[in-house]
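User: Please take a close look at the place where the ligands are held, and explain each term as you go.

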Amino acid sequence: MEQAGWSQVDAYLEGRLLPPDPILEEVLRESERAGLPAIQVSALQGRLLGLFAEAIGARAILEIGTLAGYSAIWMARSLPPGGRVLTLEVDPLHARVARENFRRAGVDDRVRLRLGPALESLRALQAEAAGPFDLVFLDADKESYTEYLEAALELTHPGSLLVADNVVWEGEVVAPESPDPRVQGIRRFLDRLSREPRLTATAMQTVGNKGHDGFLLARVLPAR
Ligand code: SAH
Ligand code: DHB
Ligand code: MG
């Protein structure tokens, strides 16, 4: 089975498992209308992020890479009363579209967006002693995943869950000589993870309407 088949299966599962969602459909239409690339998580993956948030009772969620706010909206919907999503985005157009989408989806009371290079925002958050965050979703530029991981470790607590998108990249992740800096970024991130005693991690390959990719899942271990 190839891409068309995987997309058909995603559509089937979505039809069975997720209620129709005119608001999220509008969010995606607005994103497209503004010319943003359609590289957000799938609906099934968005719900997975929400299920993770619910399962660990996340009250403070950090996202690195907002785009049009689609994944942030899925996570915001899974917050308990008083919970917060903070999402980091460098592109002013993406940020504007995302803020409109947060209003559209009725989550603008729970979601804050910080505009600027994520590394700078993360340093500022550390300086402000923000956090700790219960869940971190890593989905911005792949070249900086290692630095985002290091910052995330300073902004979490034992038990926090870290999710990273795009760790398979159509299987290219296994190519040590790949000329693609994104692939090299993911490989450096995985090398760093392999030497990180504070985390226990796994990864799941995914296929669906986003092609062949994968989620990295890591949990911060109890201090020792
Ligand atoms: N999480 C989103 C998709 C994010 S796409 C969703 O699933 O709905 C990646 C986003 O990261 C893009 O919007 C891009 O502009 C942003 N990005 C890229 N480099 C960045 C950086 N250095 N700092 C912050 N955001 C960055
Ligand atoms: C692409 C996909 C992503 O999920 C992402 O975060 C960035 C880029 C892509 O397919 O180009
Ligand atoms: Mg992604």
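Analyst: The description below takes ligand 1 and then ligand 2. This is a predicted model, in which local features need pLDDT of at least 70 and side-chain atom pairs count only at pLDDT 80 or more, while totals for chains, interfaces and linings use all residues. Residues are numbered from 1 along each chain as its sequence is written, chains are lettered from A and ligands numbered from 1 in the order in which they are written, and side-chain values use heavy atoms, with hydrogens and water left out.

Ligand 1 is surrounded by 21 residues (a residue counts if one of its heavy atoms lies within 4 Å), and among the closest are Gly 65, Glu 89 and Ala 118. By class, this shell around ligand 1 holds ten nonpolar, six polar and five charged residues (Ala, Val, Leu, Ile, Met, Phe, Trp, Tyr, Cys and Pro are nonpolar; Asp, Glu, Lys and Arg are charged; the others, Gly among them, are polar). An oxygen atom of ligand 1 lies 2.9 Å from a backbone N or O atom of Val 41, and an oxygen atom of ligand 1 is 2.8 Å from a side-chain N or O atom of His 94. The side chain of Asp 139 has an N or O atom 2.8 Å from a nitrogen atom of ligand 1.

Asp 139 is also among the residues around ligand 2, as are Ile 39, Lys 142 and Trp 169. A polar side-chain atom of Asp 139 is 2.8 Å from an oxygen atom of ligand 2; for Asp 165 the corresponding distance is 3.1 Å, and for Asn 166 it is 2.7 Å. The shell around ligand 2 comprises two nonpolar, one polar and three charged residues.

Technical notes:
Polar contact = N/O pair within 3.5 Å; in protein donor to acceptor, adjacent residues only side chain to side chain.
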